[in-house]
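Here's a little set of exercises for you to try with the model open on your screen. Have a go at each task before reading on.

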Amino acid sequence: MTPTRTALVTGANRGIGLGIAGALAARGDIRVLAGARDPAQAEQAASEIGGGAVGVQLDLADPVAAAERAAAIEAKHGPVEILVNNAAILTEGSALEIGSEELTESLTVNAVSPFALIRVLGPGMRERGWGRIVNVSSGLGTFADGLVGPAAYSISKATLNAVTVSTARALGPAVKVNAACPGWVKTGMGGAGADRSVEEGADTPVWLATLDDDGPTGGIFRDRQAIKW
Ligand SMILES: NC(=O)c1ccc[n+]([C@@H]2O[C@H](COP(=O)([O-])OP(=O)(O)OC[C@H]3O[C@@H](n4cnc5c(N)ncnc54)[C@H](OP(=O)(O)O)[C@@H]3O)[C@@H](O)[C@H]2O)c1
């Protein structure tokens, strides 16, 4: 099968991002642009993912630079029709144990740079009349669950959830923007004690990345089911 759509996955070099990228590429109809901050790891990931995947260097530490990179990636590789904002950092500590630097860094990588990528790539999706954006979030970023995670992480994921609702409204209805909670997954972030495999964690993000035209937008999903913000 010749790929008909192009997907950009951030943090595709390991963990859930690698799982999402692999599952998208395995379908046969999607060409994956595997984002990683280290160019060598992007190349390595692309060869691991297979199916014509291409490694692209993409660091989210600076939203302005990330937006410029995304525009350059699109100029080189063609329209990005699926964006999976997967990359994130988790900094430990309660609200009294972290400083504003840690909060700023988490907000930047986990929410502001994902927003910057949506701002660059979303309008083209809307003009072309088709797009899928998945923000890999967490139940730890939902008010419904009490924002019980490490403070910088929970606050940044709550912000990413707000980015999801706001950009879905601005880009819809042909561009579906949703958040996914992958569950507790065995990765560098989740640790060895987690109860889900990478494949299980990737399932809902992949489902959202390939939604039918009558699929939802502006929601948050775990196990393909809507959950409360
Ligand atoms: N694991 C879980 O239990 C769990 C639960 C809920 C939600 N999530 C979410 O799922 C997503 C993937 O998590 P994971 O468990 O796969 O985490 P992970 O194993 O720690 O991988 C994180 C990925 O993000 C990348 N990254 C970090 N900072 C970056 C930056 N400045 N620029 C570009 N990439 C950067 C990492 O790249 P490097 O290799 O260069 O560091 C890596 O590829 C995250 O959004 C996470 O919050 C995970």
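**Exercise 1: one strand and its neighbours**

Task: find the bridge partner of Val9 in E2, then work out how the chain gets from E1 to E2.

Solution. This is a predicted model, so go by its backbone pairing. Start at Val9: in E2, Ala34 is its bridge partner. Next, look at the strands themselves: E1 and E2 run parallel and are joined by 5 bridges. Now trace the chain: it leaves E1, passes through H1 and arrives in E2, a β-α-β crossover that is right-handed.

Then turn to E4 (residues 82-85), which pairs with E1 (residues 5-9) in the parallel sense over 3 bridges. Val9 has Val84 as its bridge partner there, while Ala7 stands opposite Ile82.

**Exercise 2: the whole sheet**

Task: in what order do the strands of the open sheet lie, and which are the edge strands?

Solution. Walk across the 8 strands and you get E3-E2-E1-E4-E5-E6-E7-E8, with mixed pairing. The edge strands, each pairing on one side only, are E3 (54-57) and E8 (225-226). Now add a helix: H2 (residues 39-49) packs on the sheet and touches E2 (30-36) and E3, its direction making about 150° with that of E2. Helix H5 (residues 151-171) packs on the sheet too, touching E5, E6 and E7, at about 170° to the direction of E6.

**Exercise 3: around the ligand**

Task: which helix gives the most residues to the shell around the ligand?

Solution. Helix H1 (residues 15-26) does, with 3 residues. The shell has 29 residues, and those that come nearest are Gly11, Gly15, Ala88, Thr187 and Gly190. Sort the shell by class and you find 15 nonpolar, 10 polar and 4 charged residues.

Conventions. Residues are numbered from 1 along each chain as its sequence is written. This is a predicted model: local features need pLDDT of at least 70, side-chain atom pairs count only at pLDDT 80 or more; totals for chains, interfaces and linings use all residues. A residue is near a molecule or strand if its C-beta atom, placed from the backbone, lies within 6 Å of it. Helices (H or I, at least four residues) and strands (E, at least two) are DSSP runs, numbered from the N terminus. Ala, Val, Leu, Ile, Met, Phe, Trp, Tyr, Cys and Pro count as nonpolar, Asp, Glu, Lys and Arg as charged, and the others, Gly among them, as polar. Two strands pair if DSSP finds at least two bridges between them. Two residues are in contact if their C-beta atoms, placed from the backbone, lie within 7 Å. Axes are lines fitted to C-alpha atoms, for helices over the stretch in contact, and angles run from 0 to 180 degrees between N-to-C directions. A crossover is right-handed if, with the strands pointing away from the viewer, the path from the first strand over the helix to the second runs clockwise.
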